[in-house]
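Here's a model to walk through with the coordinates open beside you. Let's take one chain at a time, and then look at how they meet.

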Amino acid sequence: MQRIIISALSGGLFGAGLLVSGMTDTTKVQGWLDIFGAWDPTLAFVLGGAILPMMLAWHLTTKRATSLVGAPFPSKPNPRLGHNLVIGSVLFGAGWGLVGLCPGPAIASLSWGGTGGIVFILAMIAGMMAAPSLRLRIDKLAAI
Amino acid sequence: MIQTDWIWGLVGGLMIGTAAAILLLGNGRIMGASGIIGGLVDRSGLGDWAERVAFLAALVVIPALMLPIYNVEISTKITSNLGIVIAGGLMVGLGTRLAMGCTSGHGVCGISRFSLRGIVATVFYLLAGGIAMVLFRHGLGLI
């Protein structure tokens with residue numbers, strides 16, 4: 001139960017932060033990516049602002065053995081980059097630019113975003129369902 | 001309004017980072033939106049489905065409750081071209097699961113621990129997003 005309450009607290013604050021920062025507005029996100037247009041620097045402040053508390057949090061994980069609920073902290077990720085990281089990030093970035101939504105803001109705007117947001121989420125879920133088989137194919141191709 | 005946008009960006013960013021810190025220090029989990037959704041979609045994360053659903057439900061409900069605070073109508077201003085919306089959604093879903101992270105997981109949580117994977121992913125999705133704007137807005141005039 002404790003874990004569920006902590007998850008809801010985190011999700012709620014994440015959503016509030018996305019709304020306050022303006023990141024649920026697709027034109028602000030596209031404005032940041034559009035360096036040759038009317039460039040909007042807001043997203044840099046959002047990302048910078050979000051990284052600060054997390055730097056402190058990661059530092060605190062080195063001082064404690066476990067999290068509040070007694071679960072271990074996530075181990076350092078495998079430093080190997082791999083083709084899936086690059087191919088996936090390029091695909092994600094292109095889709096992000098095309099519409100101006102990434103997964104968090106897409107979900108956050110579900111209750112007021114209208115039909116467009118719902119269609120985006122359904123398409124995103126379809127993409128997520130297809131991802132495991134595409135990953136297998138890419139791995140096979142890369143092994144040749 | 002435009003002049004204060006960066007302040008609200010910073011305040012909202014600090015809230016997003018604090019949300020990620022709560023999940024990390026509380027549950028020992030990385031706050032990655034695509035991972036939390038994707039684990040439910042491809043069934044790889046059904047073991048803790050209740051936590052994922054609680055996170056996502058609060059992510060929808062809390063901003064909705066805040067809307068009356070704003071005097072202006074909040075809109076995502078998403079394009080009405082459904083073909084573009086579907087193409088973008090598919091790419092975001094496929095891409096984030098192949099790369100195992102999005103702006104929150106690789107960007108916020110990865111960069112803050114100086115993870116090479118997080119930094120490389122962020123560089124590539126920002127570059128691809130910028131190129132998409134050049135191609136589709138300035139080149140083809142689609143968006």
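Bear in mind as you look around that this is a predicted model. Start with chain B: an unreviewed UniProt entry annotates residues 6-26, 53-70, 82-102 and 114-136 as "transmembrane region". Those labels come from the record, so it's worth checking what the model does there, bearing in mind that such annotations may be inferred rather than shown by experiment. Take residues 82-102 of chain B: the span is 86% helix with 0% strand, and its end C-alpha atoms sit 23 Å apart. For residues 114-136 of chain B, the helix content is 91%, strand is again 0%, and the end C-alpha atoms are 32 Å apart.

Now swing over to chain A. You'll find six helices and zero strands, so to speak an α-α-α-α-α-α run from the N terminus on. The C-alpha trace of chain A spans about 50 × 45 × 30 Å along its principal axes. Of the 144 residues in chain A, 53% are buried. Look at chain A contacts between residues at least 6 apart in sequence, and 47% of them link residues at least 24 apart.

Finally, how do the chains meet? The contact draws 95 residues from chain B and 103 residues from chain A. On the chain B side, at least two residues each come from α1 (5-27), α2 (33-41), α3 (49-66), α4 (82-99), α5 (103-111) and α6 (116-139). The largest share there, 22 residues, belongs to α1(B). Sort the side of chain B that touches chain A by class and you get 61 nonpolar, 26 polar and eight charged residues.

Definitions and conventions
Residues are numbered from 1 along each chain as its sequence is written. Chains are lettered from A and ligands numbered from 1 in the order in which they are written. This is a predicted model: local features need pLDDT of at least 70, side-chain atom pairs count only at pLDDT 80 or more; totals for chains, interfaces and linings use all residues. Helices (H or I, at least four residues) and strands (E, at least two) are DSSP runs, numbered from the N terminus. Two residues are in contact if their C-beta atoms, placed from the backbone, lie within 7 Å. Ala, Val, Leu, Ile, Met, Phe, Trp, Tyr, Cys and Pro count as nonpolar, Asp, Glu, Lys and Arg as charged, and the others, Gly among them, as polar. A residue is buried if 20 or more other C-beta atoms lie within 10 Å of its own, exposed if 12 or fewer, and partly exposed in between; C-beta atoms are placed from the backbone.
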